[in-house]
Amino acid sequence: MCRWLAYSGSPIYMEELLFKAEHSLVEQSLNATEAKVPTNGDGFGVGWFADRNEPGLYREIMPAWNDCNLQHIAHQIRTKHFFAHVRASTGTATSRDNCHPFAVGNWMFMHNGQIGDYSVLRRQLEALIPDSLYQSRRGTTDSEALFLILLGAMETMAPEDAICWLVERVVELQREAAIRAPFRCTFALTDGSRSYFFRYASDNRAPSLYLSKREDSLLVLSEPLSEDTDLWEPIEPGVVIMARGHEIVGSRSLGAA
C-alpha cells in the first residue's frame with residue numbers, strides 16, 4: 001500500500017512535510033507504520049498549484065529517499081496547495097506514467113489501495129472511461145483508470161456523488177465476476193480550490209487515513225506526522241470529505257440518497 005498526503009492552507013515549503021516532520025512522508029517511504037509493507041520505494045510524485053490553473057507535477061521511478069532533485073525542489077517550492085505520494089506497487093510496472101499524482105487539466109488525483117483481481121476487471125473498467133478522456137490514459141494502474149472514470153462521471157454528477165457512484169460500480173463489477181478479493185482505497189481529488197477525500201474497503205479493512213485541521217491549514221494523510229495523537233483524527237470509512245481551500249465544507253456518505 002502507498003502513502004500520501006494532501007495539504008491546503010497558508011503557503012509552506014514542501015520540505016516541511018516531505019522531509020522535516022518527525023514522521024515525514026519520505027520517512028514513511030522507508031518506514032511506514034500503518035501499511036501492509038513498511039517500504040514504499042516504487043516511485044513517488046508531487047503535484048502543486050502556484051500561479052497557473054493547472055498543477056505542476058514532478059514524478060520519478062526511484063525511491064523518494066534516494067532522489068536529491070526532490071530535496072532541492074521541496075526546499076525551493078512554496079505553495080498553499082499540494083499533493084505528495086510514495087508508491088508501493090500492487091502489481092503494475094514501476095514507471096513514471098504509473099506514479100501519482102495523476103493530472104488532467106486542472107484536476108489532480110492520487111490513490112492508495114487496490115481493486116481485488118484488477119486484471120480480471122481491467123477491460124470492463126477501461127470501457128467506463130469516456131473516449132474523450134481515454135487519450136489521457138498513459139499508464140497501466142487501476143488508480144489512473146479510476147481517476148479517468150471519475151472525471152467522466154463528473155461531467156454529469158457532482159464530484160462527491162461521482163466518487164460514491166464509482167466505488168459502488170467497482171463493487172458491483174466485482175460481484176458480477178464473483179471476485180472475492182476486496183476493493184480497498186483512499187482517494188484525494190482536487191482542482192486547486194475544491195478538494196475531496198475518501199476512505200473505503202469492501203471488507204471493512206480500509207487503509208488508514210487521517211485529518212488534521214488547524215486555523216490556517218488542512219492536512220489529510222495516510223499516516224500521522226508525529227506521535228501527538230490529539231492532532232490526527234481518523235476519517236470514517238465510506239464518507240467523502242469535501243473542502244474548499246483549507247476549510248471543510250461538507251461530507252457525503254456512501255449509499256446516501
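Student: Which backbone nitrogen does the side chain of D191 reach at 2.7 Å?
Tutor: In this predicted model, the side chain of D191 comes to 2.7 Å from the backbone nitrogen of R194, and a polar atom of that side chain also lies 3.0 Å from the backbone nitrogen of S193.

Student: Where is D191 found, then?
Tutor: D191 is in the loop between β7 (183–190) and β8 (194–201).

Student: And is D191 buried or exposed?
Tutor: D191 counts as buried because its relative accessible area is 12%, which falls under the 20% cut-off.

Student: What does D191 touch, leaving out residues up to four places away in sequence?
Tutor: With those left out, D191 touches F49, N106 and W107.

Student: Switching to helix α7, how far apart are its end C-alpha atoms?
Tutor: They are 26 Å apart, which agrees with the span expected for the 18 residues of α7 (residues 159–176) at 1.5 Å a residue. Several residues of α7 are buried, including I163, L166, V167 and V170.

Student: What is the phi of A178, just after α7?
Tutor: A178 takes a positive phi of about 55 degrees, and this residue, in the loop between α7 and β7, counts as exposed because its relative accessibility is 63%. Most residues other than glycine have a negative phi.

Student: What about N204, where is it found?
Tutor: N204 is in the loop between β8 and β9 (210–214), has a positive phi near 65 degrees, and is exposed, with a relative accessible area of 75%.

Student: Last one: is the peptide bond from H100 to P101 cis or trans?
Tutor: That bond is cis, with omega near -5 degrees, and P101 lies in the loop between β4 (78–86) and β5 (102–104).

Methods:
Residues numbered from 1 in each chain as written. Predicted model: local features only at pLDDT ≥ 70, side-chain atom pairs only at ≥ 80, totals over all residues. Heavy atoms only, no water. Helix = DSSP H or I, 4+ residues; strand = E, 2+ residues; numbered from the N terminus. Expected span 1.5 Å × (residues − 1). Buried < 20%, exposed > 50% of the residue type's maximum accessible area, 1.4 Å probe, protein only. Polar contact = N/O pair within 3.5 Å; in protein donor to acceptor, adjacent residues only side chain to side chain. Contact = heavy atoms within 4.5 Å.
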